[in-house]
Amino acid sequence: MLPIEVQIERAQRLVRMLEQDAPLLAIRVAELTPEYQQSAKSHAAMIAACARAELQRLMEESAPNKRRKSANASN
């Protein structure tokens, strides 16, 4: 299993990539029917929401570890 810091970095990178890709998605799906456009955009939004939720979970999981490490370092 990857260290939590690496997992956080990967999740942050994925979220950034999905956010930066949003305008390009509209261009890529422009030739599709409105129903398919909406489906593709909804799917992309769902993936982005899942990525943000995973990032939040990882950051919350990391917080107690950071506090524990800093407490041990001060002893």
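The following paragraphs describe the helices, nonpolar core, an inter-helix contact region and the largest pocket of a predicted model.

The predicted chain contains two helices and zero strands. Helix 1 covers residues 4-29, and helix 2 covers residues 34-74. Of the 75 residues in the chain, 17% are buried. The chain exposes about 5,900 Å², of which 60% is supplied by carbon and sulfur atoms. When contacts in the chain between residues at least 6 apart in sequence are considered, 65% join residues at least 24 apart.

In soluble globular proteins, nonpolar side chains tend to be buried together. In the present model, the largest nonpolar core consists of seven residues, namely Ile-4, Ile-8, Ala-11, Val-15, Ala-51, Leu-55 and Leu-58. Each of the two helices, helix 1 and helix 2, supplies at least two residues of this core, and the largest share, four residues, comes from helix 1. Within this set, Leu-58 touches Ile-4, Ile-8 and Ala-11, as well as Gln-7, when residues up to four places away in sequence are not counted.

Two of these core residues, Ile-4 and Ile-8, are also touched by Ser-62, again not counting residues up to four places away in sequence. Ser-62 is found in helix 2 and has a relative accessibility of 2%; because this value falls under 20%, the residue counts as buried. Glu-5, by contrast, is found in helix 1 and counts as partly exposed, because its relative accessibility of 35% lies between the limits of 20% for buried and 50% for exposed residues. Although Glu-5 and Ser-62 are 57 residues apart along the chain, their C-alpha atoms are separated by 7.8 Å.

Rolling a probe the size of a water molecule over the atoms shows where empty space is left. The largest pocket in the model holds about 180 Å³ of space. The lining of this pocket is formed by Leu-18, Glu-19, Asp-21, Ala-22, Leu-25, Lys-41, Ala-44, Ala-45, Ile-47, Ala-48 and Arg-52. Helix 1 and helix 2 each supply at least two residues of the lining, with the largest share, six residues, coming from helix 2. By residue class, the lining comprises seven nonpolar and four charged residues, and no polar ones. The charged members of the lining are Glu-19, Asp-21, Lys-41 and Arg-52.

Both helices thus recur in the two features described: helix 1 provides the largest share of the nonpolar core, whereas helix 2 provides the largest share of the pocket lining.

Methods. Residues numbered from 1 in each chain as written. Predicted model: local features only at pLDDT ≥ 70, side-chain atom pairs only at ≥ 80, totals over all residues. Heavy atoms only, no water. 1 Å grid on protein atoms, 1.4 Å probe; cavity = no way out; pocket = protein on both sides within 12 Å on 5 of 7 lines; lining within 4 Å. Points joined across faces, edges and corners; volume = space filled by probe spheres on them. Buried < 20%, exposed > 50% of the residue type's maximum accessible area, 1.4 Å probe, protein only. Contact = heavy atoms within 4.5 Å. Areas by Shrake-Rupley, 256 points an atom, 1.4 Å probe, with all protein chains shown as cover. Core = buried A, V, L, I, M, F, W, Y, C linked by side-chain atoms within 4.5 Å.
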